[in-house]
Amino acid sequence: MNVFYRSIRETVQGHFYRSISVSMNRRTQIKRVLCVAEKNDAAKGIAEIMSNGRSRRREGLSVYNKIYEFEYNLFGQNVTVTMTSVSGHLLGLNFTGHMQKWHSCNPVSLFDAEVQKSCLANFLPIKRTLEQEARLCQALIIWTDCDREGENIGFEIIDVCKAVKPNIQVFRARFSEITPNSIRRACETLTEPDINLSDAVDVRQELDLRIGASFTRFQTLRFQKIFPESLSDQLISYGSCQFPTLGFVVERFKAIQSFVPETFFKIKVVHEPNEEESVEFSWKRNRLFSHTACLVLYQMCMEDPTSKVISVTSKPKSKWRPQPLDTVELEKMSSRKLRLSAKECMTIAEKLYTKGFISYPRTETNMFPKNLNLTPLIVQQTQDNEWGNFAQSILDSGGPTPRNGNKTDQAHPPIHPTKYTNRLQGNERTLYDFIVRHFLACCSKDAQGQEVTVEIDIAEERFSASGLTILARNYLDVYPYEKWFNKVIPHYTPDTIFQPTAIEMVEGQTNPPQLLTEADLISLMEKHGIGTDATHAEHIETIKSRMYVGLTSDQRFLPGELGMGLVEGKTDSRQLKK
């Protein structure tokens, strides 16, 4: 690690907590405060709230990151606030000197090579803006996203600012949405940045760099040498999350290729008591794989086809409303129902968040905290022409009663609307509508119905049929992404005897599994701990952009020739070592 970065990090680690405690006693000396958000849209939105729409905009050294100035009461006094932003990570980690060149060393040596953090060339104007503004300020408030990545970006900002003004006082604003109440609460409860979260990201970045660079160089150079005609210009990347993601796609494809269908047999009973009614009874045995066994039972039914109603049971049936929305569920539902890829979904969600329309979209929480008042959020939605009446019905029936899940990251609430709008267009409108409808649905009531099950006996073989009457649609009235239908069956009473219209022995075959959809792939990544809710989309996009996988017409993942070769080649080499 280079001397500059190490000295700054030692300063931060050695004196940061002391400077926080000192700053509490020196607030009277603060006259100008530098606030830095993670993106320009967030800086603009926060500045608009803090200034009540009266901020003064000026240009920084980066054309994409504006500066907003206004007066605000902080630390019990009026101060001048300079609000600006970065554009994600300001500093990048890389190898030093000649080790950056591909042919400079054996890829194995990259595991021990010196690394350093430095400002990326296209972000130098942002860095100079921070240095310029920090020199004029006595305090720095970090307004980056409140997650691990945001904490790390915050410390990058701290490093840059402390390099030019070591005694600048540092604070952290913690918030989950860009709304007036949330921003004002963050200003009143300023805390200190969490260096442990930031260090965790530093470790992950260094591991990703060393593992990714060494394996990428090794397999790219090797395969280009073996296949110069087809791979001469191909980067064959490797990543510790990217490769398992590819492995899931290949594994499913190979399972389909190796699948051997089996023939099965079953008995189907149909009863048509009149011209308008028909019901099919399912065999309690479901199916048999022995033709002879099934044929014997079928012939017994045909010899004495009289059917007797054994039981008729009626019981309440519920269709559960959805749980509050976390990031993984948002990505999966967007892929399944909205035809948006995980990457498109998260890009749009970030925009909606920075504009103040939804809460922070990267969360593992699917239960609303008890101190979050949901009623005002529902009141906002009563003005909408499509779901306004439904929102009002929630209020009229006693208020929101969300069906909470059991996961919380202790940092952010589930994804929910924070401000009403009907002016969005295209995919932004599509995703916002989904988030609102999901929120209203989970705050509503389960759909209610009555299920009737009829069980009959034919030659001591049991068959059953079920019907459903929907009594109250409840959440389904606002949530078109799920369906529930009435299923009417004729009226039967116990001990009734009737002659079936048809008794058939039918043949079928087992089906192979289907290729993975993006929602399937995200579920597998979550199940096996590959990546995080914030990186699933990135890893999937990488294997697509590298041409390791492609998409079928129905948006299912199909491994490409190179993707298959990479996975099978490594699998074969492991088997040879055994």
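In this predicted model, the side chains of Glu133 and Arg58 come together in a salt bridge, with N and O 2.9 Å apart. The two partners belong to distant parts of the chain: Glu133 sits in helix α3 (residues 124-134) and Arg58 in strand β2, a separation of 75 residues. Their surroundings are worth a look as well. Glu133 is buried, because its relative accessibility is 1% and the cut-off for burial is under 20%. Arg58, by contrast, is partly exposed, with a relative accessible area of 28%. The contact also belongs to a wider arrangement, since a network of salt bridges links Arg32, Arg58, Glu69 and Glu133.

Strand β2 takes part in another such pairing. Arg56 forms a salt bridge with Glu71, and here the closest N and O atoms are 3.7 Å apart. Glu71 lies in strand β3 (residues 67-74) and Arg56 in strand β2 (residues 56-58), so this salt bridge ties together parts that are 15 residues apart in sequence. Both partners are partly exposed: Glu71 has a relative accessibility of 45%, and Arg56 has a relative accessible area of 42%.

A further example involves Arg174 and Glu151, whose side chains meet in a salt bridge at 2.9 Å, N to O. Because Arg174 is found in the loop between β8 (169-172) and α5 while Glu151 is in helix α4 (residues 148-164), the pair ties together parts that are 23 residues apart in sequence. Arg174 counts as partly exposed at 33% relative accessibility, whereas Glu151 counts as buried at 2%. In total, the structure holds 33 salt bridges.

Attention now turns to the sheet. An open sheet is built from 7 strands in the order β14-β11-β12-β13-β10-β9-β15, with antiparallel pairing. At its edges are β14 (497-498) and β15 (502-509), each of which pairs on one side only. As a reminder, strands of a sheet pair through backbone hydrogen bonds, either parallel or antiparallel.

Following the order of the sheet inward from β15, the neighbouring strand is β9. These two strands run antiparallel and are joined by 8 bridges, and Phe264 stands opposite Gly508 in β15. On to the next pair: β9 and β10 are also antiparallel, with 3 bridges between them. His271 stands opposite Val279 in β10. Strand β10 (residues 279-283) is in turn joined by 2 bridges to strand β13 (residues 461-472), again in the antiparallel sense, and Ser282 stands opposite Ser464 in β13.

A helix accompanies these strands. Helix α9 (residues 291-303) lies across β9 (263-271), β10, β12 (447-458), β13 and β15, and the helix runs at about 170° to β15.

Two loop residues have backbone angles that deserve a note. Phi of Asn52 is near 55°, which is a positive value in a residue other than glycine. Asn52 is located in the loop between α2 (40-50) and β2. Ala459 likewise has a positive phi, near 55°, without being glycine, and is placed in the loop between β12 and β13. Most residues other than glycine have a negative phi. Ala459 counts as buried, because its relative accessibility is 18% and the burial cut-off is under 20%.

Some features of the surface complete the description. Val108, Phe111 and Phe215 form a nonpolar patch there, and together they offer about 280 Å² of accessible area. Phe215 comes from helix α6 (residues 195-226) and is partly exposed, with a relative accessible area of 35%. Elsewhere, Asn181 in helix α5 (residues 180-188) counts as exposed, because its relative accessibility of 57% falls above the cut-off of over 50%. Asn181 and Ile49 are 132 residues apart in sequence, and their C-alpha atoms are 9.3 Å apart in space.

Key:
Residues numbered from 1 in each chain as written. Predicted model: local features only at pLDDT ≥ 70, side-chain atom pairs only at ≥ 80, totals over all residues. Heavy atoms only, no water. Pairing = 2+ DSSP bridges. Helix = DSSP H or I, 4+ residues; strand = E, 2+ residues; numbered from the N terminus. Contact = heavy atoms within 4.5 Å. Axes fitted to C-alpha atoms, helices over the stretch in contact; angles between N-to-C directions. Patch = residues over 30% accessible without salt bridge, like charges linked within 9 Å, V, L, I, M, F, W, Y side chains within 5 Å. Areas by Shrake-Rupley, 256 points an atom, 1.4 Å probe, with all protein chains shown as cover. Salt bridge = Lys/Arg side-chain N within 4 Å of Asp/Glu carboxyl O. Buried < 20%, exposed > 50% of the residue type's maximum accessible area, 1.4 Å probe, protein only.
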